Each structure stands twice: as structure tokens, then as C-alpha cells.
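Hello,

Here is the structure I promised to hand over. Please have a look at it first, and then read on for what turned up.

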Amino acid sequence: MTFRNCQCAFTIKEEEKLIELYKSGKTSTDIGKRMGCTGYTVRRILHIYNIILRDSKKAQNVRFNLFNIFFNKFTKNKNDCWEWNCKKTEYGDIYYRKNHYSSHRFSYTLFKGKIPKGLYVLHKCDNPCCVNPDHLFLGTHQDNITDMWEKGRGTTPTYIRR
Ligand SMILES: [Zn+2]
């Protein structure tokens, strides 16, 4: 089972259980067997808790479900874009633990890991409100500008927003 296939399968309680098992020294494969998912999924979840919250002690006390926050807020369209519930022409926003993120950058971090400093998260699909990690890639400021002009959005500098 891949991560994306069991994205909605975890409740807050289950995530807490998973973190508890991890703290007790179980390997991710063992935890996966008990939770009915792969070790990969377990590692992704642990990774997200550490990356998003940075402080793993705080992460262990999380009382709400990150996945539910994320997965309830987009709609898949026929191009397999995960369209964040926002205006079609704009990036979406997400507020998480009092911090503000652009939803596509949040998605990138969630699925692929930390965004190196100075890099932009760009869309292969040219759909600014898409948060499908498969449609996102990293690029420089110059890549962003080139990409914009190639896709005919050169007159709309708001898309440069990081
Ligand atoms: Zn897309």
C-alpha cells in the first residue's frame, strides 16, 4: 500500500499510537505491520511531524491530524490536479500552527521534503492552485520567470510569490 492510497486512513488517535510505538523503539516496518500500512508510510508520517513542526518533542504532543487538514481542502480535477479550495488563478494558503504557508509549498514539504533556501516550487501543470506533489518541482528564481513567460503569464508578477 502506498502512502497516497492510505492517506485518509489515519485518525488522530492512530497517529498518536504510531508516534508512541516509535518512541518505544519499534522499527517503522514493525509499526507498519501493526497499523496496517507500509514502513514507508510510517516513515513519511514521522518525517512530516519532524519537518513541519521541527521540534520533535512538540510533534509528539500534536493533538490534531495534519493529514485531515490537508486532504479535506482540495478537489481532484480531470487532469489529476489537486485543486486547493481557492480562486483558480491564485495560490492557496494554509495556516498551520499559527504559521502561514502557500499550499503548494506546504504540499511539497509534506510529500517530498524540505525546500532548499532560495528555491521556488513551480507547477508542471501551470495550475497555480494545484497541490499535487507529482505536478510540483523545484526551480530557481530565473526558472520561475522563464517558466512564467513560456506559459504566457509574464504580465502577472503576483505568481512570483514564494
Ligand atoms: Zn496540477
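A good place to start is His123, which stands opposite Leu136 in strand β6. Strands here are DSSP E runs of at least two residues, and helices are H or I runs of at least four, both numbered from the N terminus. Before going on, please note that this is a predicted model: local features need pLDDT of at least 70, side-chain atom pairs count only at pLDDT 80 or more, and totals for chains, interfaces and linings use all residues. Residues are numbered from 1 along each chain as its sequence is written.

His123 belongs to strand β5 (residues 120–123), where it points the same way as Val121, while Tyr120 and Leu122 point the other way. In a regular strand the side chains alternate between the two faces of the sheet. All four of these β5 residues are buried, meaning that 20 or more other C-beta atoms, placed from the backbone, lie within 10 Å of a residue's own (12 or fewer is exposed, in between is partly exposed). β5 and β6 (residues 136–139) are antiparallel partners with 4 bridges; strands count as paired if DSSP finds at least two bridges between them.

Stepping back, the protein has 7 helices and 6 strands, in the order α-α-α-α-α-β-β-β-β-α-β-β-α from the N terminus. Of its 162 residues, 25% count as buried.

The largest nonpolar core has 8 residues: Phe74, Cys81, Trp82, Trp84, Tyr91, Cys129, Cys130 and Val131. Such a core is a set of buried Ala, Val, Leu, Ile, Met, Phe, Trp, Tyr and Cys residues joined through C-beta atoms within 7 Å. Beyond four places in sequence, Val131 is in contact (C-beta atoms, placed from the backbone, within 7 Å) with Phe74, Trp82, Trp84, Gly92, Ser103, His104 and Ser107. A second, separate core of 7 residues includes Ile31, Cys37, Val42 and Ile45.

Ser103, His104 and Ser107 are among the buried residues of helix α6 (residues 103–112). Just after α6, Gly113 has a positive phi of about 115°.

Finally, a word on confidence. The pLDDT (the predictor's confidence in each residue, from 0 to 100) averages 73, and 67% of the residues score at least 70. Among the elements, β6 has the highest mean, 93, and helix α4 (residues 56–59) the lowest, 50. Over residues 1–8 the pLDDT is below 50, and over residues 51–56 it stays under 50.

Best wishes

Conventions:
Two residues are in contact if their C-beta atoms, placed from the backbone, lie within 7 Å.
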